[in-house]
Amino acid sequence: MTTESLSRAARTRRPTITPAELGLGEDPAEAAPGDPAATHVRAKLDREIRALLEREEGTRSGTDPEDLHQMRVALRRMRSVLKLSGALVGPGAEAVRAELGWLGHSLGEVRDYDVLIEHLREVIAGFEVRDQAAGRRLVSKFVTERGVARRRLNRALSSERYTTMLENVSELTRSEPVEESTVEQERDLVAGLRKPHRKLAKAVGALPADPPDDDLHALRIHGKKLRYAAELAQTSVKKKQAARLKELISATKKFQTVLGDHQDAVVAAERMRAVLEAVDGHVGFVAGRIAERELQRKAEARAAWRDRWAAVDAAARAVIPR
């Protein structure tokens, strides 16, 4: 299918594009431990764009929030790989990364509502029966807002810009190798972990004893970049080193989880504050109860994140060459 026909299909709310229509092979690309780093980067992009396409139909329908979540994860992995190692697959990598960021914004907006709504429903289910009706009215407000955000997302997924973005990612999976002399420092994917680990360590070291919420959110993003880089490097090494990378990936996931809980609590508490003046008294009472719970969840995450960081740091130092 040509670019022109794909774009025409996009305007008519086409079904999801298949890997074959993007020029991808019948099976996902593979890379062996001894292959050049660029081969691993291209194979990673190939796997992740297939994962993104696989989840697109479910993301459009909104039946299962997990589809959108996994589509967003695939997109963020591609962005991270291109940020760290995009030079290995050519000068067009940065422009593609920027376009992935455009789509990521729309996916993230809906995902934030999915997380908030699911969490509020769980919290409200534990309240007394007399408060649950007010709680459901509160949730319905966010369900309505999510519907607006989802319509914006589906317009993005039906746009020519989205189709072009997919084509550009697929082209990077087939790109010609870059001259090694121009990327000498990036050939070793394990050594490439040094940069995201250093950035994370520097960010941790710069924090005060009681960090601002935004700084902890930024820390989580640094941790995610290290994790994705480790996932990429894991395909390029042999069994023993892969086991060490697995430990790093596991530690980083736990680090992300505690900081993710913190950020979710921050967002939920702020949302509750924002609705207090716009709802009836009973809904406001329920919102206040939820806000109090979120502040407690935030405090628990703040008490735990430094221990999670220590585990990440130890696992990284065990695998990154000195």
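# Exercises on a predicted helical chain

Leaving aside neighbours within four places in sequence, arginine 150 is in contact with Thr59, Arg60, Gly62, Leu68, Val110 and Asp114, where contact means heavy atoms within 4.5 Å. The model is predicted, so local features need pLDDT of at least 70, side-chain atom pairs count only at pLDDT 80 or more, and totals for chains, interfaces and linings use all residues. Residues are numbered from 1 along each chain as its sequence is written, and side-chain values use heavy atoms, with hydrogens and water left out.

**Exercise 1.** Place arginine 150 in its helix and state whether the residue is buried or exposed.

*Solution.*
- Step 1: Arginine 150 belongs to helix H5, residues 129–157. Helices are DSSP runs (H or I, at least four residues), numbered from the N terminus.
- Step 2: The relative accessible area of arginine 150 is 14%. Buried means under 20%, exposed over 50%, and partly exposed in between (1.4 Å probe, protein chains only).
- Step 3: Arginine 150 is therefore buried.

**Exercise 2.** Do the same for threonine 164, then give its C-alpha separation from valine 96.

*Solution.*
- Step 1: Helix H6, residues 160–173, holds threonine 164.
- Step 2: Because its relative accessible area is 32%, threonine 164 counts as partly exposed.
- Step 3: Valine 96 is 68 residues away along the chain, and the two C-alpha atoms are separated by 9.7 Å.

**Exercise 3.** Describe the fold of the chain and decide whether its radius of gyration agrees with that of a compact globule.

*Solution.*
- Step 1: The chain has 10 helices and zero strands.
- Step 2: The C-alpha atoms fill a box of roughly 65 × 50 × 30 Å along the principal axes.
- Step 3: A compact globule of 322 residues would have a radius of gyration near 20 Å; the chain has 22 Å, which agrees. The radius is taken over C-alpha atoms, and the globule rule is 2.2 Å times the number of residues to the power 0.38.
- Step 4: Of the 322 residues, 47% are buried.
- Step 5: Among contacts between residues at least 6 apart in sequence, 80% join residues at least 24 apart.

**Exercise 4.** Describe the largest pocket by its volume, its lining and the helices that supply the lining.

*Solution.*
- Step 1: The space in the largest pocket is about 1200 Å³. On a 1 Å grid over the protein atoms alone, a pocket is an open set of points where a 1.4 Å probe fits, with protein on both sides within 12 Å along at least five of seven lines; lining residues have an atom within 4 Å of a point. Grid points are joined across faces, edges and corners, and the volume is the space filled by probe spheres set on the points.
- Step 2: The lining has 38 residues, and His69, Arg72, Arg76, Arg220 and Lys224 are the closest to the pocket centre.
- Step 3: At least two lining residues come from each of H3 (65–85), H4 (93–125), H8 (213–234) and H9 (239–275). The largest share, 11 residues, is from H4.

**Exercise 5.** State how confident the predictor is in the chain, and locate two stretches with pLDDT below 50.

*Solution.*
- Step 1: pLDDT is the predictor's confidence in each residue, from 0 to 100. Its mean over the chain is 90, and 91% of residues reach 70 or more.
- Step 2: Residues 7–13 stay under 50, and the model has 12 contacts for them beyond four places in sequence.
- Step 3: Residues 181–186 are also below 50, with eight contacts beyond near neighbours in sequence.
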